[in-house]
Amino acid sequence: MFPRLLSELASGVPGVLFCYRVSADGTFHYYPFISSRVREVFGLDPRKLQTDASAVFDIIHPDDRAGIVPSISVSAATLEPWQYQARLRLKDGTYHWFEAHSMPRREADGSTLWYGQFTDIQTHKELEADLRQREAESAYQLQFHKLLASLSSDFINAPIGDFDQEIDRFLARIGEFFDVDRVYVYRFAEELTRMTNTHEWCRPGVPALKDSQQNVDITGFRWWQEQSRNLLQQNRVLFIEDVSKLPDSAGPERALLEEQGVAAMFCIPVVTRGLVDGFFGMDSLKVRRWRRDLSDLLILVANLLAQALERFRLEQELLNQSIRDPLTGIHNRRYLEPRIAEMLARYQRSGEGFALAMLDIDHFKQVNDTHGHQAGDQVLRAFAQLLQNQCRASDVAARYGGEEFILALADVTPERATWALERVIDEVRELALSFHGKVIPVTASAGLVHVSDLENPSPTPDELITEADRRLYRAKRSGRNCLVDASGASPL
Ligand SMILES: Nc1nc2c(ncn2[C@@H]2O[C@H](COP(=O)(O)OP(=O)(O)OP(=O)(O)O)[C@@H](O)[C@H]2O)c(=O)[nH]1
């Protein structure tokens with residue numbers, strides 16, 4: 001029926017040319033013509049297809065079958081070109097993507113004939129998939145770099161003192177980006193024998209571990225210690241995709257992670273000033289395949305975190321240096337004065353009373369003269385420590401001058417303040433300090449003022465301090481080793 005020349009031409013075309021017919025009632029279909037390449041490509045016999053087209057339908061990938069018959073019916077009804085993409089099974093059993101393209105024509109008997117070809121579009125599909133993956137990859141990388149840029153500007157602009165919240169915010173954003181359940185920072189201590197969880201973010205509903213992970217002894221976790229050492233030396237990322245598959249040597253680690261519900265995790269060392277400080281990691285409560293190509297990005301995150309930790313620690317040190325007395329370690333005047341202003345503001349707002357005591361070591365000059373300046377320093381340190389021990393979180397003990405100290409007691413009644421100061425003076429007397437084997441007797445005097453003692457209902461910090469100082473002077477005049485409050489001297 002078809003001239004030989006046409007068959008030969010058809011066999012030279014890269015695709016498979018066909019003429020496909022479906023009977024008017026749709027009950028049978030066949031290929032009046034299909035080029036001989038159908039045998040080379042799919043291993044199908046063109047002669048058999050001339051009576052029944054089913055064998056072609058049998059080699060369609062099961063996932064691509066659903067829409068094919070309806071699409072042929074639509075083309076038959078509308079006589080619009082028929083076009084379809086599906087994976088077809090090749091002679092060797094593998095699948096390739098093909099595109100069928102054909103024009104329908106209605107025959108006199110009501111059947112429909114399509115003239116067209118199957119073209120192998122596998123390479124095109126692979127390139128397309130590759131391109132899509134690259135696009136997704138670069139979109140991901142772009143998003144990640146944007147996140148890093150925004151995090152680093154957050155760190156740069158973070159106000160001093162907002163350190164912990166800043167790190168917590170950082171962990172939350174990283175956790176959401178990587179879609180994990182927990183993100184945390186641990187610090188190592190004592191030559192990798194202990195570690196402490198310093199910051200943690202958990203997805204809502206995921207139990208927090210921070211409180212149970214303080215100063216944890218990791219000497220029993222040999223596998224983990226070994227991994228940590230390797231991580232630290234090579235500055236790389238440790239991925240665990242399935243905790244249940246950890247080696248037998250990691251038995252205790254596996255048990256702990258399983259107890260914490262962790263199914264997969266990864267962690268990266270945090271290196272500050274060239275030293276490994278700890279690690280930063282993420283948990284997933286489900287087994288999960290981590291993208292290994294994320295390593296470089298994760299190291300960038302860890303570096304950013306390390307820089308932030310370093311900056312915040314330095315700031316903390318500087319802040320401490322500026323508000324603490326270097327000899328005794330307790331707060332200095334610079335810190336004290338704004339705290340007194342705050343106590344005054346609270347007093348004026350809500351009537352919350354507070355008291356200030358000015359304390360001075362008695363005959364301190366003699367301590368220096370008799371035992372030497374170093375002994376004097378030791379007395380100052382012991383005295384400061386004693387005051388510090390008296391403080392609740394809202395109180396302040398500060399070195400005000402040479403051997404003058406102030407104790408500011410927040411939210412206290414006059415009676416309670418007197419009782420507290422009497423106790424301080426008692427305890428000073430019992431200090432029993434010795435220097436090079438010699439006992440140094442120490443006593444102190446104090447002037448105590450409660451904010452309600454002053455006639456002025458809105459006094460300034462200076463007025464309070466001056467009154468406390470005046471009472472201290474009276475305590476010294478009345479023989480030292482005593483406290484003067486609103487009621488006068490109370491010799492001890
Ligand atoms: N060791 C030491 N001595 C200090 C320090 N600061 C101040 N002093 C000494 O503290 C002494 C204060 O002496 P004074 O103000 O005369 O008073 P005092 O001997 O304590 O006598 P009263 O206060 O009257 O009981 C001085 O000798 C200062 O040199 C310090 O940081 N270390």
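This passage walks through the ligand shell, the sheets and one helix residue of a predicted model.

We begin with the ligand. Its surroundings comprise 16 residues, and the closest are Asp 362, Phe 364, Lys 365, Gly 376 and Gly 402. Sorted by character, the shell holds seven charged residues, five polar and four nonpolar. Three elements each supply at least two residues of this shell: strand 13 (355-361), helix 12 (364-371) and helix 13 (373-390). Of the contributions to the shell, the largest share is that of helix 13, with four residues.

Turning to the sheets, six strands form an open sheet in the order 8-7-6-11-10-9, with antiparallel pairing. Strand 8 (216-217) and strand 9 (238-240) are its edge strands, each pairing on one side only. At one of these edges, strand 9 runs antiparallel to strand 10 (residues 264-272), and three bridges join the two. Here Ile 240 has Met 265 of strand 10 as its bridge partner. Helix 10 (residues 295-323) packs on the sheet, where strand 6, strand 10 and strand 11 are touched by the helix; the directions of helix 10 and strand 10 make an angle of about 45°. Another helix, helix 7 (residues 163-178), lies across strand 6 (182-189), strand 7 (194-202) and strand 11 (275-284), and runs at about 65° to strand 7.

A further set of pairings involves strand 14 (residues 396-399), which is covered on both faces. In general, side chains in a regular strand alternate between the two faces of the sheet. In strand 14, Val 396 and Ala 398 are buried on one side, while Ala 397 and Arg 399 are buried on the other. Strand 14 pairs with strand 12 (residues 331-332) in the parallel sense over two bridges, and Asn 332 stands opposite Arg 399. With strand 15 (residues 404-409), by contrast, strand 14 pairs in the antiparallel sense over four bridges. Ala 398 is found opposite Ile 406 of strand 15, and a hairpin of four residues links strand 14 to strand 15.

Finally, a look at a single residue: Thr 466 sits in helix 15 (residues 461-477). Thr 466 is partly exposed because 14 other C-beta atoms lie within 10 Å, whereas a buried residue would have 20 or more and an exposed one 12 or fewer. Along the chain, Thr 466 and Met 358 are 108 residues apart, yet their C-alpha atoms are separated by 9.3 Å. Met 358 falls within the range of strand 13 (355-361), one of the elements that supply the ligand shell.

How values were computed: Residues are numbered from 1 along each chain as its sequence is written. This is a predicted model: local features need pLDDT of at least 70, side-chain atom pairs count only at pLDDT 80 or more; totals for chains, interfaces and linings use all residues. A residue is near a molecule or strand if its C-beta atom, placed from the backbone, lies within 6 Å of it. Ala, Val, Leu, Ile, Met, Phe, Trp, Tyr, Cys and Pro count as nonpolar, Asp, Glu, Lys and Arg as charged, and the others, Gly among them, as polar. Two strands pair if DSSP finds at least two bridges between them. Two residues are in contact if their C-beta atoms, placed from the backbone, lie within 7 Å. Axes are lines fitted to C-alpha atoms, for helices over the stretch in contact, and angles run from 0 to 180 degrees between N-to-C directions.
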